[in-house]
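Biologist: Please take one lysine of this structure and look closely at its surroundings, and then go on to how strands and helices elsewhere are put together. I would like the reasoning spelled out wherever a cut-off decides the wording.

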Amino acid sequence: MKVVIVGAGEVGRHLSHVLSDAGHDVTVVETDPERASLIDEEHNVRVISGSGSSAETLKQAIADGCDHFLAMTSQDEINLISCSLARVLGAKTVISRIHDQTFTDTSHINYPLHFGIDMMLNPEGLCALEFAKSIRNPARIAVENFARGQIEAQRIIVDERARLRGKALRDIKLHPEIKFGFYQRGEEQDIPGADTVLEAGDVVTVFGPPHELYKLRTNLDPHSIGTLVRVVIFGGSETAVALIRLLNNPRFKVRVIEKNEDKCRRLAERFPHVTFINGDGTSLRLLEEEQIGNADYFVASTSDDERNVMTSMQASKLGAKHVQTVINKTDYEEILYNMRSALDIETMVSPRLVTANEVVRYLSKDPYIELFSFPKQAARIVEIQVSLDSSCAGRTLREISWPKHAVVVALLHKFHVKVPGADDRILAGDRVIVITREENIKEITHLLQAG
Amino acid sequence: MNYAILFKLQSAIIGAIAVAFAVCLGVAYVYDNQSTTDVAVAGFTVSFLVAACVAAGLLVLGKTGDNTLFRKEALATIGTGWIAASLMGALPYLLILPDISFPEAFFESASGLTTTGASVLSELENLPRSLHLWRAMSQWMGGLGVVVFFVAVLSFLGAGAKVLFSRESSAQAADLNTSRVQSGVLKLVKLYIGLSIICTITYKICGLDWFDSIIHMFTTLSTGGFSTRSGSVADFQNPLLEWAMIGYMAIGGTSFLLLIDAFGRRWKSIRSSSELKTYYLLLIGFTFAITIFLIGDPSNTLGAGDAIRTAAFQVVSIMTTTGYATADFDLWLPVTHILLLAAMVIGGCSGSTAGGTKVIRFIVALKVSAQQIEKAYRSRVVRTLKVNGKCLSINEQETIMVYIVILMMVIFGGTLLISFFEPSMSFEGTVSTMAACLFNIGPGFAEVGPTQNFAGLHGYTQVFLSILMILGRLELFALLVLFSPALWKRF
């Protein structure tokens, strides 16, 4: 496949490396001649020196076809312009990196549609999602995110005191975006129907938006709802902002330590419910004064890896229960990962890596991608793209004869993700996330991808 | 200091007064009682001529020179303009009423223009109707602001219009949310006139005659408080009218900018207005508390319904700084006096015609205090202060806190001076005189209670109180800067 990448920064470089290694034809567009020559030396890619927002440069890059266009500079405006141009110049799929949350807000104008973008990626957002995953859910429940965090899967054990116990699914008033995907009762495992009655001890897997799932869980397993979760974030970076957004629920008490006073003030205006501390997070006295020892989660999110790691170690020594940190520099990744347990750092996430993984997954040619498999169970969650010549394209879910054990839990139409109802249509090029048994995967793949 | 523009704008202010005199002159001709026509016509003719000549003279003085209006000139215009207008407005009283002294006339005129509603006159029923009209009309003009009226018309003011507007009104020019301040002010004027018409018709329906309707409309919407009867609204003995007045007074104390939003169906700004919510909650809270104390009072003779109405009327009248009375609250339990005094100090919303410290300043002061208390043990924490859905910068917070400090000092110093001027006045009387004048309310307690008036005070006290009224109406700064020598110097 022919891939054009604009911007040879940390993300762009890593992507060009991964994609060219996977055997794709990669063209990199970069303004800075020094960086351009660096990437020219390092990787087997074509490098074009020039601006990503210039039509002339892009025309040259796209001239002999472009299957995927990736705008990966750190500037949103350049990304948007180059995506818009690439769409006009004939790129087939267009992916953009976006920092500013303004552009993901579609209430006034649909930015992705307006600029002809198929997928928007926010490295810091993806990174924050990794952190939020464990903060939002106590460890003993398996959780997985799909569709960039907009849909979450949770396994919930129905409690004896659950309000919904003994009710058939038909009688439970569910939020329209919530789906029961799978249930397990003793040895019996199945995909539930409308008549399935919930009993204590059942393990159900539910899909839906995180907030709605949280509400459902209070009804199914009131036990597992933790009390107040105290989160301390070191550094008011973009990742921190994305994390604060994800933790927008009164049960999270978030405290951010940031050195720059202006930044503190600006952030405090945006997030009045969060406490901002203006000070140096590396100072032991400050950490003690702010009672880091009582925090449930400590997340180091600055752009300085050394500070991140040192402060994380300090925090876990002071008694923070779970410590997470961002790694920005590629060179540190491996050694830090190996020393994870020695350093007492629970989660390490690199924004660059999660972005590249997301793109690679999107570009992959596999008939299906296995997203998640439940331990010791036959159920699998897979993501399948509907091919252009599929016989299912243009039909509603109700009209398609699905195998018995299959539930469509998410429908990804371009940048839009939803939990579909029976009357939602599947279009060619959409991706569906299906929960099914291992033996049915082939059948479903065939159904969605054969003419 | 650019004196040319100062004179030119003064000429506009005095000109506006002259126009008002002309209207009153017309009414004197047509509508006054036989016995008073002659003196009223003569009085207003002379007043009109004097005002017109002064306006023309100022216009000539200000003819040369450029039209640029800086902050300095704008402040000086407002400060001197209000003093000049009050002096000019005293003329009809001096000329028409036989035994009135100059301080009394000045007091009455300032009390009118600043929408205070404190009076030195008794036997109001004997006044010529044209003079009633002037009393009420001066409040109506002063309610929105004498200068505001011509800010909308004079296009040469440029950016200076913003300063003029925000110094005279308690709202900020930025809140108008229009690209030209003139068009925003024009909207305000239209709203004011529209409300006036609706209000007049309502009063007429409630049973007043047209003349009384118009007079009371003038003094309700401007939260002024002059009435045509010595016993104020109580004399009408009309519960329906009282409820209507409660409604219109409350509207007068509401931010007019929000009213414009309401008419434009922009509910978002109304929903996010913490000031509006607090204002109405306070009105309801004070009414509730006073109703309880009224019913609990052993000497009370009112039924529950009457008690609620009386309490609501007094609370709304005092908190919006109108100053009408339907009951002699001086006879109520002392605790109600403290509650009413609190309502006096708080006042209405910013951007309304009401006086007082303004609800929003109280909200900000409380929030700043709470944050400072937290800062004492947690110095590094950064918090923002949100009111009306917007963040206030440190600078804006400081301005508000400083305003409150200056206000406190003025109250302290003023009370001290009044007690020197009137050594025999009771404690309650002295304190409430201060509050009633500075916050543009009208009646106070004891010697200046709702059934009393300010005629018994010394002349110099009356002049001092008149200055206090203007000081309060202009929210201190526009008048205080006049005492700063650097304002007047060329360099």
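Modeller: Leaving aside residues up to four places away in sequence, Lys253(A) touches Leu228(A), Val229(A), Arg230(A) and Val231(A); this, like everything that follows, is read from a predicted model. With Val231(A), the separation is 22 residues in sequence, whereas the C-alpha to C-alpha distance in space is 6.0 Å. Lys253(A) itself belongs to strand β13 of chain A, which covers residues 252-258. Its C-beta atom has 16 others within 10 Å, and because a residue counts as buried at 20 or more and as exposed at 12 or fewer, Lys253(A) is classed as partly exposed.

Another strand of chain A, β19 (residues 379-385), has 6 of its 7 residues buried, and it is therefore largely enclosed by the rest of the structure. The pairing of β19(A) with strand β24 of chain A, residues 431-437, is antiparallel and comprises 7 bridges. Within that pairing, Ala379(A) has Arg437(A) of β24(A) as its bridge partner.

Strand pairing also reaches across the two chains: β14 of chain A (residues 275-278) and β1 of chain B (residues 381-382) run antiparallel and are joined by 2 bridges, with Phe276(A) bridged to Val382(B) in β1(B). Taken as a whole, the contact between the chains involves 7 residues of chain B and 11 residues of chain A. On the side of chain B that touches chain A, the residues comprise 3 nonpolar, 1 polar and 3 charged.

Within chain B, a pair of helices can be described in similar detail. Helix α3 of chain B (residues 71-89) packs against helix α5 of chain B (residues 102-113) at an angle of about 125 degrees, and their axes are 8 Å apart. Because that angle lies outside both the 65 to 115 degree range counted as roughly perpendicular and the range over 145 degrees counted as roughly antiparallel, α3(B) is oblique to α5(B). The crossing of these two helices, α3(B) and α5(B), is right-handed. On the α3(B) side, the residues that meet α5(B) are Trp82(B), Ala85(B), Ser86(B), Leu87(B) and Gly89(B), and facing them from α5(B) are Phe106(B), Ser109(B), Ala110(B), Gly112(B) and Leu113(B). Sorted by character, the residues of this contact between α3(B) and α5(B) comprise 6 nonpolar and 4 polar, with no charged residue.

Conventions
Residues are numbered from 1 along each chain as its sequence is written. Chains are lettered from A and ligands numbered from 1 in the order in which they are written. This is a predicted model: local features need pLDDT of at least 70, side-chain atom pairs count only at pLDDT 80 or more; totals for chains, interfaces and linings use all residues. Axes are lines fitted to C-alpha atoms, for helices over the stretch in contact, and angles run from 0 to 180 degrees between N-to-C directions. Helices (H or I, at least four residues) and strands (E, at least two) are DSSP runs, numbered from the N terminus. Angles under 35 degrees count as roughly parallel, over 145 as roughly antiparallel, 65 to 115 as roughly perpendicular and the rest as oblique. A crossing is left-handed if the near helix is turned anticlockwise from the far one by less than a right angle, and right-handed if clockwise. Two residues are in contact if their C-beta atoms, placed from the backbone, lie within 7 Å. Ala, Val, Leu, Ile, Met, Phe, Trp, Tyr, Cys and Pro count as nonpolar, Asp, Glu, Lys and Arg as charged, and the others, Gly among them, as polar. Two strands pair if DSSP finds at least two bridges between them.
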